[in-house]
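I opened a fresh page for this one and kept my notes short. Have a look at the sequence and the model first, then follow along.

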Amino acid sequence: MNRIAMAALAALTAAAGLGPAQAGSEDVVVENAWARATIGTARPGAAYLTLRNAGDATLTLTGVAASAAARAEIHRSVTDEKGVSSMMPAGEIAVGPGTSVALEPGGLHVMLMGLRSPLDEGDGFELTLTFSDGGEVAVPVAVLGIAARGPGG
Ligand SMILES: [Cu+2]
């Protein structure tokens, strides 16, 4: 687990202490949350992360919001037999107990539409993930370089 995810988890644990326990979403571990820098705001940005379910019941991601954008959606990229890629809303994402789902370039991603300002390398913003149990998980996202493939480079 990286430092950002640990901070998110600590914040979540603190928030959970204020109200009744949410069954399920407290078992989500979000790792390697990052976004690619953008040149401007005319085109949407993209953010990536790994969802790990440390609990013993399936968790379903039902929605996402971002502080950096007017609207955020989970999309899935597909490449057809002619090599043309396109993307579409992915709907809800189920994560089985003890398993992980990666949102990564070329596959699932968070599309950030209506960017409030360009995403500059070194900046950060917050994603809020909503799960089917009503629980929300706040995730700090690091903005990496415009050609980054992930936190490892
Ligand atoms: Cu997209």
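How many of the 9 residues of strand E1 (residues 28-36) are buried? I found 7 of them buried, so I noted E1 as mostly covered, with buried meaning under 20% relative accessible area, exposed over 50% and partly exposed in between (1.4 Å probe, protein chains only). Strands here are DSSP runs of E with at least two residues, and helices are runs of H or I with at least four, numbered from the N terminus.

**Ground rules.** I am working with a predicted model, where local features need pLDDT of at least 70, side-chain atom pairs count only at pLDDT 80 or more, and totals for chains, interfaces and linings use all residues. Residues are numbered from 1 along each chain as its sequence is written, and side-chain values use heavy atoms, with hydrogens and water left out.

**Overview.** I counted 1 helix and 10 strands in the protein. Along the sequence they follow the pattern α-β-β-β-β-β-β-β-β-β-β. Of the 153 residues, 39% are buried.

**Around E1.** I looked up its partners next, taking two strands as paired if DSSP finds at least two bridges between them. E1 pairs with strand E2 (residues 45-53) in the antiparallel sense over 6 bridges, and there tryptophan 34 has tyrosine 48 as its bridge partner. With strand E10 (residues 136-144), E1 runs parallel, joined by 3 bridges; alanine 35 is matched with valine 143 in E10.

I also stopped at asparagine 32, which sits in E1. Asparagine 32 is not a glycine, yet it has a positive phi of about 55 degrees. Is asparagine 32 buried or partly exposed? It counts as partly exposed because its relative accessibility is 37%.

**E9 and its neighbours.** Strand E9 (residues 124-131) has two faces: Phe125, Leu127, Leu129 and Phe131 are on the covered one, while Gly124, Glu126, Thr128 and Thr130 are on the uncovered one. Strand E3 (residues 59-66) is joined to E9 by 5 bridges and runs antiparallel to it, with valine 64 opposite leucine 129. E9 and E10 are also antiparallel, with 7 bridges, one pair being threonine 128 and alanine 138. These two strands form a hairpin with 4 residues between them, and glycine 134 in the turn has a positive phi of about 90 degrees.

**Copper site.** Which residues hold the copper ion? I listed His75 (ND1), Met87 (SD), His109 (NE2) and Met111 (SD) as the protein donors, at 2.1 to 2.3 Å from the ion. Donors are N, O and S atoms within 2.8 Å of the metal (3.2 Å for Na, K and Ca); water is not among the atoms, so sites may look incomplete. The angles among the 4 donor atoms are 95 to 123 degrees, and the site is tetrahedral, a label that requires all angles of four donors to lie between 85 and 135 degrees. In sequence the donor residues are spaced H-x11-M-x21-H-x1-M. Histidine 109 and methionine 111 are both buried.

Definitions and conventions. Tetrahedral: all angles 85-135°; square planar, octahedral: opposite > 155°, others 65-115°.
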